[in-house]
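User: I'm new to reading protein structures. Could you walk me through this one with some questions and answers?

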Amino acid sequence: MNDLFGRNIDYLRLSVTDLCDLRCVYCMDPAGVEKLAHGDILSFEALEELVRCAVALGVTKVRLTGGEPLTRRGIVTLCARLKAIPGVKELAMTTNAQTLERFARPLREAGLDRLNVSLDTLDPDQYRRLTRGGELERVLRGIEAVEAAGFPPVKLNAVLLGGVNDDQIRPLAELAQQSPRSVRFIELMPIGVCARFDPARFVSAQSVLERLPELRPLDRDGVALRYTAPGWAGTVGLIRPMTDHFCPACSRIRITSRGFLKPCLHDAAEIPLRGLHGQALTEAMMQAILCKPRQHHLGPDEPSGAGRAMYEIGG
């Protein structure tokens, strides 16, 4: 289905939980999040119904997000159920990989097609500080498990913070030197706790190119502009929501774990889907797609209008 600006909406980011086993400084307050009652989050049956409806409207790619999706009990079963829906051509997941080592093979056997892993530094102490308690070694073992399970090359997502982990640009990028992995640097967005950050924390994607002068433009992969260097097996991606927004090509909608559809991450508009079925659900989802704005308005002095933190929407 096309929105009012002619964009083909074929990508659904589906949050399965608000919970996370980390407390990353750019995502959550130190105290973490209030645990929702079991009945507050969508059941597997509801999630499956939403995906079936989205597919009927033209969605072909579904990405499971959170919070941390691997904290959702029965996540492997959910993957199998969603992948079995006719029309789901790609089922993906974004994870912090703290428990990925034991989940990688079962997820692959359940039909999960691709994994993105959040990895902001290769310094163990820095990783522990950034995540407020995470263990880097678990992430690295998880990445190895993903590759051993036969997944396509993993995508590694890094959010850069000036004066915090911007010294990791080269070490992280070089993970794509000998392997066909894609290392993707994401500009910090003023959403949730980040809206209160000092402007000095922002690192532009251009800074990555300045630190890695050997990179050469390659192509676009979804929201990422991809680069590589002579002799490199993998790629470096730049995701630039602040300095070069990709709204004209945005093909995604998001559904939160509580059942609200957000046509745009950075817009306050939310369409409640919980409790809707059949034609009522279809009409609500169609209306949400037609409400998708032309673009967001993020800027140095313009924080996100999302109205929620990232973990509440789905990363």
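User: In what order do the 12 strands of the open sheet stand?
Analyst: Keep in mind that this is a predicted model. The sheet is open and its pairing is mixed. Reading across it, the order is E7-E8-E9-E6-E5-E4-E3-E2-E1-E10-E11-E12.

User: Which strands stand at the edges of that sheet?
Analyst: An edge strand here has a single partner strand, so one side of it is left without a neighbour in the sheet. That describes two strands, covering residues 216–221 and 271–272. They are E7 and E12.

User: In what sense do strand E10 and strand E11 pair, parallel or antiparallel?
Analyst: E10 covers residues 252–255 and E11 covers residues 260–262. Ile 255 stands opposite Leu 261 in E11. The two strands are joined over two bridges, and the sense is antiparallel.

User: Which residues have the most contacts inside the largest nonpolar core?
Analyst: That core has 92 residues. Helix H1, residues 44–56, gives the largest share of it, with seven residues. The ones with the most contacts inside the core are Leu 64, Phe 185 and Met 285.

User: Which residues does Met 285 touch, not counting those up to four places away in sequence?
Analyst: Let's follow Met 285, one of the residues with the most contacts inside the largest core. Ile 255 and Leu 261, which stand opposite each other in the sheet, are both among the residues that Met 285 touches. The full list is Leu 50, Cys 53, Ala 54, Leu 57, Ile 255, Leu 261 and Leu 273.

User: How many residues are in the second, separate core?
Analyst: This core is separate from the one with 92 residues. It includes Ile 191, Leu 265, Met 310 and Ile 313. Its size in residues is seven.

User: How many disulfides does a search of the whole structure find, and why is Cys 194 not in one?
Analyst: Two sulfur atoms have to lie within 2.5 Å to count as a disulfide. For Cys 53, the nearest cysteine sulfur belongs to Cys 291, 15 Å away. The sulfur of Cys 194 is too far for a bond because its closest cysteine sulfur, in Cys 27, is 7.9 Å away. The search therefore gives a total of zero.

User: Is Cys 53 buried or exposed?
Analyst: A residue is called buried when its relative accessible area is under 20%. The relative accessible area of Cys 53 is 7%, so this residue is buried.

User: Which peptide bond is cis?
Analyst: The one to look for has an omega of about 25°. One of its residues, Gly 67, is in the loop between strand E2 (61–65) and helix H2 (75–83). The cis bond joins Gly 66 and Gly 67.

User: Is Ala 97 buried or exposed?
Analyst: Ala 97 is not a glycine, yet its phi is positive, near 70°. You can find Ala 97 in the loop between strand E3 (90–95) and helix H3 (100–110). Its relative accessibility is 0%, so Ala 97 counts as buried.

User: What is the relative accessibility of Arg 132?
Analyst: Arg 132 is in the loop between helix H4 (124–131) and helix H5 (136–148). Its phi is also positive, near 55°. Arg 132 counts as partly exposed, with a relative accessibility of 34%.

User: What is the radius of gyration of the chain?
Analyst: The chain has nine helices and 12 strands. For 315 residues the globule rule gives 20 Å, and the chain comes close to that, so it is as compact as a globular protein of that length. Its radius of gyration is 19 Å.

Conventions
Residues numbered from 1 in each chain as written. Predicted model: local features only at pLDDT ≥ 70, side-chain atom pairs only at ≥ 80, totals over all residues. Heavy atoms only, no water. Helix = DSSP H or I, 4+ residues; strand = E, 2+ residues; numbered from the N terminus. Buried < 20%, exposed > 50% of the residue type's maximum accessible area, 1.4 Å probe, protein only. Core = buried A, V, L, I, M, F, W, Y, C linked by side-chain atoms within 4.5 Å. Contact = heavy atoms within 4.5 Å. Pairing = 2+ DSSP bridges. Rg over C-alpha atoms; globule rule 2.2 N^0.38 Å.
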